Amino acid sequence: MTYLLTGGAGFIGSHTVDALLARGARVRVFDNLSTGRRENLPAHPALELMVGDIRDADAVARAMDGVTHVLHLAAQVSVAASVDAPCDSASHNLTGFLTVLDAARRAGVRRLVYASSAAVYGTPARLPIDETTPAAPLSPYGLEKLVNDQYAQLFGALYGLSTLGVRYFNVYGPRQDPRSPYSGVISIFCDRLRGGEPLTLHGDGRQTRDFIYVGDVARANVAALDATLTGVCNVATGHSTSLLDLAATLGAVSGRAPALRFGPPRAGDIRDSAADNQRLVTALGVTGFAPLADGLRRLWDAAA
Ligand code: UD2
């Protein structure tokens with residue numbers, strides 16, 4: 001088995017590289033190092049890094065050589081950037097996506113798993129969100145991921161390519177960049193608490209999210225690569241937490257009482273997010289998600 005991970009030097013990708021190497025796989029990372037970092041990857045004889053862009057069809061075709069399984073994570077990952085510059089976002093997330101998909105089927109790849117997103121659901125009419133919840137994206141990013149799902153299903157019908165789109169909810173853990181305006185709330189809160197700064201809550205802090213530890217996401221990615229399930233699958237714990245509870249848990253884990261500041265709600269935010277993860281549990285066999293306090297402890301200790 002040879003695994004190609006596009007975006008493998010990034011946050012979720014590099015943790016999945018670790019999981020695949022731990023079970024003896026050969027891994028090739030294809031990454032343009034725009035947000036990914038070499039330092040996220042271990043020195044390992046079974047790991048190879050190719051620096052390249054997913055919009056470069058020749059480079060992508062070379063990266064597919066000898067590959068049996070693909071995990072496609074390389075993307076323009078910011079919702080806000082997709083709103084500011086939709087054409088640039090589409091060049092990565094539509095043209096780049098299609099370039100990878102087409103190269104995979106030409107190379108006779110057995111299985112392709114790619115990052116879809118909870119963003120395809122928009123503000124759902126009911127909770128929890130399962131995979132039959134109608135898609136209603138609120139951003140170019142969400143729409144691009146929905147079109148990815150449609151292309152992947154079409155490639156199954158036209159060419160017999162086996163694909164699964166993994167719809168990540170709110171992923172957190174070590175190696176997530178806290179300093180970008182698009183950073184996840186947990187990386188921002190950890191960074192500020194460590195720096196002795198107050199935590200800013202946009203709104204009343206009672207909004208909820210399903211926060212999933214990146215190590216559990218890596219296990220889900222590996223299970224998805226091993227499986228034959230096609231279509232899409234939520235990747236989430238099935239438990240949601242309010243920001244106030246998140247801040248309190250982080251305070252307990254770190255031993256530092258956070259100072260809280262309340263600001264206006266963030267434009268475009270959804271209030272509540274709650275995932276139904278039964279497909280992940282039953283069809284992919286992924287269980288034993290890290291409780292939030294355990295994941296926060298690992299994150300806090302890793303950054304120490
Ligand atoms: C996540 C994604 C977003 C999009 C969306 C789809 C990230 C960083 N964001 O947004 O790109 O895919 O899901 O539904 O992955 N907050 C604070 N204080 C802070 C930072 C955030 O109160 O310093 C709030 C924020 O207003 C929101 C909640 O925390 O209510 C979670 O914010 P987030 O950006 O981590 O994640 P989310 O689900 O809004």
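Partly exposed describes a relative accessible area between the buried class, under 20%, and the exposed class, over 50%. Keep that in mind as we work through this predicted model.

**Exercise 1.** Assign F155 and Y159 to their accessibility classes.

*Solution.* Start with Y159: its relative accessible area is 40%. That value falls between the two cut-offs, so Y159 is partly exposed. Now take F155, at 6% relative accessibility. Because this is under 20%, F155 is buried.

**Exercise 2.** Find where F155 and Y159 sit, and classify the geometry of their rings.

*Solution.* First, locate them: both belong to helix α5 (residues 140-159), 4 residues apart, or about one turn of the helix. Next, recall that two numbers describe an aromatic pair, the distance of the centres and the angle of the planes. For F155 and Y159 these are 4.8 Å and 70°. The centres lie within 6.5 Å and the angle is over 60 degrees, so the pair is edge-to-face. The model has 4 aromatic pairs by this rule.

**Exercise 3.** Describe the surroundings of the ligand, from its shell to its polar contacts.

*Solution.* Begin with the shell of 17 residues, where V185, T200, H202, R209 and D269 come nearest. Sorted by class, the shell holds 8 nonpolar, 6 polar and 3 charged residues. Both α6 (185-194) and β8 (199-202) supply at least two of its residues.

Then look at ligand oxygen atoms: a backbone N or O atom of V185 lies 2.8 Å from one, while polar side-chain atoms of Q207 and R266 come to 3.0 Å and 2.8 Å, respectively. Finally, consider cover: alone, the ligand exposes 720 Å², and the protein buries 81% of that.

Methods. Residues numbered from 1 in each chain as written. Predicted model: local features only at pLDDT ≥ 70, side-chain atom pairs only at ≥ 80, totals over all residues. Heavy atoms only, no water. Near = heavy atom within 4 Å. Polar contact = N/O pair within 3.5 Å; in protein donor to acceptor, adjacent residues only side chain to side chain. Areas by Shrake-Rupley, 256 points an atom, 1.4 Å probe, with all protein chains shown as cover. Nonpolar A, V, L, I, M, F, W, Y, C, P; charged D, E, K, R; others polar. Phe/Tyr/Trp six-rings, centres within 6.5 Å; stacked < 30°, edge-to-face > 60°. Buried < 20%, exposed > 50% of the residue type's maximum accessible area, 1.4 Å probe, protein only.
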